[in-house]
Amino acid sequence: MKRQLVTAFAALGLVPAILTASPAQAAGPSAAQLLAKVSSCTVVSHGKYATDDGESSTVNICKKGSAFFWKADMDIDCDGVRTSNCNENTDPWYQNQTSFETSAGKSFQADKTHYFVIPLPSSRFSYSSNGIKPGSVAAIIYHNKVVYAVFADEGPSNIIGEASYATAKALGIDSNPETGGVDSGVTYIVFPGKVPSPVESNSAIDSKGASAATAFVNS
C-alpha cells in the first residue's frame with residue numbers, strides 16, 4: 001500500500017528551539033464536531049487524486065471557511081531521521097530527508113513527530129498558492145479520534161493520503177511503513193498558516209492544533 005515519496009528539499013527557517021516531549025493531547029473539538037463541519041465539500045482542486053499508485057483518481061481537495069480538507073487513506077511515511085523503526089531495512093522507500101526541516105535545521109523524525117504529507121504543487125492544486133505554509137497544522141481524524149500533525153513532507157503530485165509513523169500510531173493505525181496504513185476512512189483538515197513553534201514538538205503541535213480547530217468549529 002505504501003507508495004514512493006517524491007521529496008523536495010527545503011528549509012522552514014524557523015528559530016531553533018529545544019524539542020519537547022509529547023504529553024497528553026491538548027483539549028480541542030471532538031472528532032464528531034470536526035466531521036460535522038466538513039460534511040459537505042466545496043471542491044477547490046482542479047482534478048482528483050488517487051490514494052495509491054496505479055489506482056483510480058477519486059479524491060478531491062475541498063475547502064470550508066479558511067480550512068482545506070480531504071478524505072482518503074493513510075499510507076505510512078517513515079522518511080527523515082534514521083531510527084530503528086524508520087530505515088532502509090524497515091521501509092523499502094525510505095529517504096533520509098523530509099521536504100521541510102525542524103526548527104533545528106534537521107529533517108523530521110517520522111517515529112516521533114506527528115506530521116502529514118501534501119502532494120507536490122501541480123495544476124490540480126498548489127498548497128503554496130493557497131496559503132498552506134510548511135509546518136501548517138492539521139487535524140487528522142480516524143475512528144472518532146483526533147491527532148494534530150504538521151505539514152512536513154511532500155508526496156507525488158497525483159497521489160494523496162499519507163502521514164508519519166508517529167501520526168499513524170497515535171491514531172491506532174498499523175504504523176509498519178511497508179505493510180501498515182489503512183485503505184480509507186481518514187479525514188485531513190488543514191489550517192493554513194497555523195504553524196507551531198517549535199514545529200517538531202508534539203506538545204506545541206497539540207496546542208496550536210487545538211486552538212485552530214476550536215476556531216474552525218466555532219466559525
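Two aromatic rings of Phe, Tyr or Trp count as a pair if their centres lie within 6.5 Å. The model shown above is predicted. By this rule, the count comes to 8 aromatic pairs. One of them joins Phe100 and Tyr127. Their ring centres are 6.5 Å apart, and the planes meet at 85 degrees. Planes over 60 degrees apart count as edge-to-face, and this pair is edge-to-face.

Now place these two rings on the chain. Phe100 sits in the loop between strand E5 (67-77) and strand E6 (115-119). Tyr127 sits in the loop between E6 and strand E7 (137-142). The two residues are 27 residues apart, and their pair links distant parts of the chain. Phe100 and Tyr127 are both buried. Phe108 and Tyr115 also form an edge-to-face pair, with 5.9 Å between centres and 65 degrees between planes. Phe108 is buried, as is Tyr115. Ring pairs also build a cluster, made of Phe100, Phe116, Tyr127 and Phe151.

Some rings have a charge above them. Lys37 lies over the face of Phe216, 5.6 Å from the ring centre. The charged end of Arg124 sits over the ring of Tyr49, also 5.6 Å from the centre.

Step back to the whole chain. The chain has 3 helices and 10 strands. Along the sequence they follow the pattern α-β-β-β-β-β-β-β-β-β-α-β-α. Take the contacts between residues at least 6 apart in sequence: 76% of them join residues at least 24 apart. Of the 219 residues, 53% are buried. The chain exposes about 9,000 Å², and carbon and sulfur atoms supply 48% of that area.

What lies inside? In soluble globular proteins, nonpolar side chains tend to be buried together. Here, the largest nonpolar core has 58 residues. Leu34, Trp70, Met74, Phe116, Ile189 and Phe191 have the most contacts inside this core. Many elements contribute at least two residues each, including helix H1 (31-37), strand E8 (145-155), helix H2 (165-170), strand E10 (182-191) and helix H3 (202-218). E5, E6 and E7 do too.

Which residues does Ile189 touch, leaving aside its neighbours within four places in sequence? Its contacts include Leu34 and Val38, then Ala67, Phe68 and Phe69. Val137, Ala138, Ala139, Ile141 and Phe216 are also in contact with Ile189.

Finally, look at the cysteines. A disulfide is a covalent bond between the sulfur atoms of two cysteines. The structure holds 2 disulfides. Cys41 and Cys62 form one of them, with sulfur atoms 1.8 Å apart. The angle about this S-S bond is -90 degrees, and the link of Cys41 and Cys62 is left-handed. Cys41 lies in the loop between H1 and strand E1 (42-43), while Cys62 lies in strand E4 (residues 62-64), so the bond ties together parts 21 residues apart in sequence.

Are Cys41 and Cys62 buried or exposed? Cys41 has a relative accessible area of 39%, so it is partly exposed. Cys62 has 5% relative accessibility, so it counts as buried; the cut-off for buried is under 20%.

Cys78 and Cys86 form a disulfide too, with sulfur atoms 1.9 Å apart. The torsion about their S-S bond is about -65 degrees, so this disulfide is left-handed. Cys78 and Cys86 are both buried. Count the bonded cysteines along the chain, and the disulfides follow the pattern 1-2, 3-4.

How values were computed: Residues numbered from 1 in each chain as written. Predicted model: local features only at pLDDT ≥ 70, side-chain atom pairs only at ≥ 80, totals over all residues. Heavy atoms only, no water. Phe/Tyr/Trp six-rings, centres within 6.5 Å; stacked < 30°, edge-to-face > 60°. Helix = DSSP H or I, 4+ residues; strand = E, 2+ residues; numbered from the N terminus. Buried < 20%, exposed > 50% of the residue type's maximum accessible area, 1.4 Å probe, protein only. Lys NZ or Arg CZ within 6 Å of the ring centre and 35° of its normal. Contact = heavy atoms within 4.5 Å. Areas by Shrake-Rupley, 256 points an atom, 1.4 Å probe, with all protein chains shown as cover. Core = buried A, V, L, I, M, F, W, Y, C linked by side-chain atoms within 4.5 Å. Disulfide = S-S within 2.5 Å.
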